[in-house]
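Student: I would like a close look at one part of this model, its salt bridges. Which side chains pair up, and are the partners buried or exposed?

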Amino acid sequence: MSLLCAEAPGVFDLLDGAGIEMLWHPSFSEATGGEVRALLSAIEAGEQKLDVLCVEGSVLMGPGGTGRYQMMAGTGRSMLDWVRALSAMATHVVAVGTCATYGGVTSAGENLTDAVGLQYDGAHRGGALGAGFVAKGGLPVVNVAGCPTHPDWVTETLMMLAEGVLDTAALDTLGRPKFYAENLVHHACPKNEFYEYKASAEKLSQIGCMMEHLGCVGTQAVGDCNIRGWNGEGSCTRAGYPCINCTAPEFEEPGHAFAETPKFAGIPVGLPTDMPKAWFMALASLSKAATPPRIGRNAVSDRIRVPPSPKARS
């Protein structure tokens with residue numbers, strides 16, 4: 001459903017313009033029943049070429065590794081069986097969304113169904129296809145993580161594969177395409193002025209930085225969400241909700257409420273990944289001491305209460 005939000009151009013125009021044909025999708029395609037079974041059988045038999053297999057959602061391994069908690073209707077076979085069979089025939093395999101990449105929300109808690117990602121079980125390699133899986137095109141599973149994933153991340157990945165310009169060097173250590181994974185959600189966040197002065201919101205709906213009290217981990221989470229924007233302009237932090245690091249393995253179980261920052265001796269446990277903690281704390285103390293009254297007051301308001309003052313002319 002997120003993919004349908006691709007716009008200017010829309011997803012179907014974009015794929016058509018890139019010469020990419022969608023063979024079948026359970027929500028988008030008209031083909032059902034016997035038509036789909038015939039298509040899948042043709043792919044499995046090598047009669048129909050499959051360049052890219054995209055899988056959405058986690059794969060259920062239970063009970064006991066059989067995958068029979070998740071059957072494909074009308075085939076008598078599990079999704080696990082079909083995913084393995086089709087992956088063996090595909091030139092490339094793409095996991096779409098954090099459930100398909102790492103297990104995601106469906107693997108939280110006791111995980112009674114043994115839900116896993118295609119090549120990862122949480123942060124550990126393995127998953128439905130195994131740690132050593134490599135598709136015919138020479139790549140491991142391409143992990144387009146996100147909950148949901150940005151539509152442009154999906155379409156850009158497909159276009160790069162179609163052009164033959166996505167190789168192992170273009171993937172990070174968790175199999176995510178670097179074109180979005182080499183950015184932090186923090187980049188271009190509209191709350192950066194508040195972050196710089198450590199002027200923090202104290203509750204949701206206030207416009208200050210949400211790192212100190214409201215659980216935002218945008219300084220640690222990968223994604224160009226605030227650079228690329230969703231639906232033309234949005235993002236979690238732009239909408240006033242903290243980043244929960246949904247592109248990462250095991251984000252679904254942070255050990256605390258999403259909108260809550262865990263602290264030790266009053267200091268947030270999760271600090272920016274690219275700065276020594278001692279430096280950050282020293283900088284934070286200086287920043288708080290230098291916070292302009294305008295920023296401090298606006299941070300705990302639900303809108304701009306004090307606008308910037310015009311520069312005095314002499």
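Tutor: What follows goes through three of the salt bridges, partner by partner. The model is predicted, and a search of the whole structure finds eleven salt bridges in it.

Take glutamate 212 and lysine 288, whose closest N and O atoms are 3.1 Å apart. This salt bridge links distant parts of the chain, as the two residues are 76 residues apart. Glutamate 212 lies in the loop between α7 (192-196) and α8 (225-228), while lysine 288 belongs to helix α9 (residues 277-289). Buried means under 20% relative accessible area, so glutamate 212, at 18%, counts as buried. Lysine 288 has 41% relative accessibility and therefore counts as partly exposed, since that class runs between the buried limit and the exposed one, which is over 50%.

A second salt bridge joins arginine 228 to aspartate 224, with 3.0 Å between the closest N and O atoms. Aspartate 224 is buried, because its relative accessible area is 4%. Arginine 228 reaches 25% and so counts as partly exposed.

In the third, the side chains of aspartate 302 and arginine 305 meet at 3.2 Å, N to O. Here aspartate 302 is partly exposed at 38% relative accessible area, and arginine 305 is partly exposed too, at 43% relative accessibility.

There is also a network: salt bridges that share partners join Asp224 and Arg228 with Asp152 and Glu156.

Conventions: Residues are numbered from 1 along each chain as its sequence is written. This is a predicted model: local features need pLDDT of at least 70, side-chain atom pairs count only at pLDDT 80 or more; totals for chains, interfaces and linings use all residues. Side-chain values use heavy atoms; hydrogens and water are left out. A salt bridge is a side-chain nitrogen of Lys or Arg within 4 Å of a carboxyl oxygen of Asp or Glu. Helices (H or I, at least four residues) and strands (E, at least two) are DSSP runs, numbered from the N terminus. Buried means under 20% relative accessible area, exposed over 50%, partly exposed in between (1.4 Å probe, protein chains only).
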